[in-house]
Amino acid sequence: QVQLVESGGGLVQAGGSLRLSCAASGLSVNFNDMAWYRQAPGKQREWVAMTYTVGTTNYDDSVKGRFTISRDNAKNAVYLQMNSLKPEDTAVYYCNTGRPRDFWGQGTQVTVSS
């Protein structure tokens, strides 16, 4: 059974930084494209960042240049470094595979105040 546990969220001022972590079990981060998604109140969940098994990354335009996705295969974990945070980044953040499957975790809340 796959379990994904997100952590590292919190309350920060605009312009601040956070680093999110995703600990995976029952799934190999090494052999899957992995992604971060987010969902703001009243909105649909949206894709944010992707790390591919071939070593490349990709980002939604709204976070490009501010967020960095990375993986640690030895720890079977995925990370999201978020810099220059804006109030519009406020959301619950989730990790999943690049083609998301039905094993969403609880997510971690990120709140950016102005």
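Strands, in the sense used here, are DSSP runs of E of at least two residues, numbered from the N terminus. In this predicted model, Thr-51 belongs to strand β5, which covers residues 46-51.

**Thr-51 and the strands around β5**

Thr-51 has a relative accessible area of 5% and is therefore buried, since the term buried applies under 20% relative accessible area. Leaving aside residues up to four places away in sequence, Thr-51 touches Asp-33, Met-34, Thr-56, Thr-57, Ile-69, Arg-71 and Val-78.

Strand β5 has an antiparallel pairing with β4, made over five bridges, and within that pairing Ala-35 has Met-50 of β5 as its bridge partner. The two strands β4 and β5 form a hairpin with six residues between them, and in its turn Gly-42 has a positive phi of about 75°. Strand β5 is also joined to strand β6 (residues 57-59), in this case by three bridges and again with the strands running antiparallel. Met-50 recurs here, as its bridge partner in β6 is Asn-58.

The hairpin of β5 and β6 has five residues between the strands, and Gly-55 takes a positive phi near 105° there. Gly-55 is placed in the loop between β5 and β6, and with a relative accessible area of 63% this glycine is exposed. The C-alpha atoms of Gly-55 and Ser-70 are 9.7 Å apart in space, while the two residues are 15 apart in sequence.

**The four-stranded sheet**

Strands β1, β3, β8 and β7 form, in the order β1-β3-β8-β7, an open sheet of four strands with antiparallel pairing. The edges are taken by β1 (3-7) and β7 (67-72), each of which has a single partner strand, so one side of each is left without a neighbour in the sheet. On average, and with direction ignored, neighbouring strands of this sheet are turned by 15° against each other.

Between β1 and strand β3 (residues 18-25) the antiparallel pairing extends over five bridges, and Glu-6 finds its bridge partner in Cys-22 of β3.

**The disulfide**

Cys-22 is also one of the two cysteines in the disulfide, the structure holding one such link. The bond joins Cys-22 to Cys-95 with an S to S distance of 1.9 Å, and the link of Cys-22 and Cys-95 is right-handed, with 60° about the S-S bond. Distant parts of the chain are linked in this way, as Cys-22 lies in strand β3 and Cys-95 in strand β9, 73 residues apart. Both Cys-22 and Cys-95 are buried.

**Aromatic contacts around Trp-104**

A pair of aromatic rings is described by the distance of the centres and the angle of the planes. The structure holds two aromatic pairs, and the table gives the values for each.

| Aromatic pair | Centre to centre | Angle between the planes | Arrangement |
|---|---|---|---|
| Tyr-37 and Trp-104 | 5.2 Å | 80° | edge-to-face |
| Tyr-94 and Trp-104 | 5.9 Å | 80° | edge-to-face |

Tyr-37 lies in strand β4 (residues 34-39) and Trp-104 in the loop between β9 (91-97) and β10 (108-113), so the pair of Tyr-37 and Trp-104 ties together parts that are 67 residues apart in sequence. Tyr-94, for its part, lies in strand β9, so its pair with Trp-104 in the loop between β9 and β10 ties together parts that are 10 residues apart in sequence. Tyr-37, Tyr-94 and Trp-104 form one aromatic cluster.

How buried or exposed are the members of this cluster? Tyr-37 is buried, its relative accessible area being 6%, and Tyr-94 likewise counts as buried at 11% relative accessibility. Trp-104, by contrast, is partly exposed, with a relative accessible area of 27%.

**Arginines over aromatic rings**

Trp-104 has a further partner in Arg-45, which lies over the face of Trp-104 at 3.6 Å from the ring centre. In another arrangement of this kind, Arg-19 lies over the face of Tyr-79, at 4.2 Å from the ring centre.

Methods
Residues are numbered from 1 along each chain as its sequence is written. This is a predicted model: local features need pLDDT of at least 70, side-chain atom pairs count only at pLDDT 80 or more; totals for chains, interfaces and linings use all residues. Side-chain values use heavy atoms; hydrogens and water are left out. Two strands pair if DSSP finds at least two bridges between them. Axes are lines fitted to C-alpha atoms, for helices over the stretch in contact, and angles run from 0 to 180 degrees between N-to-C directions. Rings of Phe, Tyr and Trp (its six-membered ring) pair if their centres lie within 6.5 Å; planes under 30 degrees apart count as stacked, over 60 as edge-to-face and the rest as tilted. Buried means under 20% relative accessible area, exposed over 50%, partly exposed in between (1.4 Å probe, protein chains only). A charge sits over a ring if NZ of Lys or CZ of Arg is within 6 Å of the ring centre and within 35 degrees of the ring normal. A disulfide is a pair of cysteine sulfur atoms within 2.5 Å. Contact means heavy atoms within 4.5 Å.
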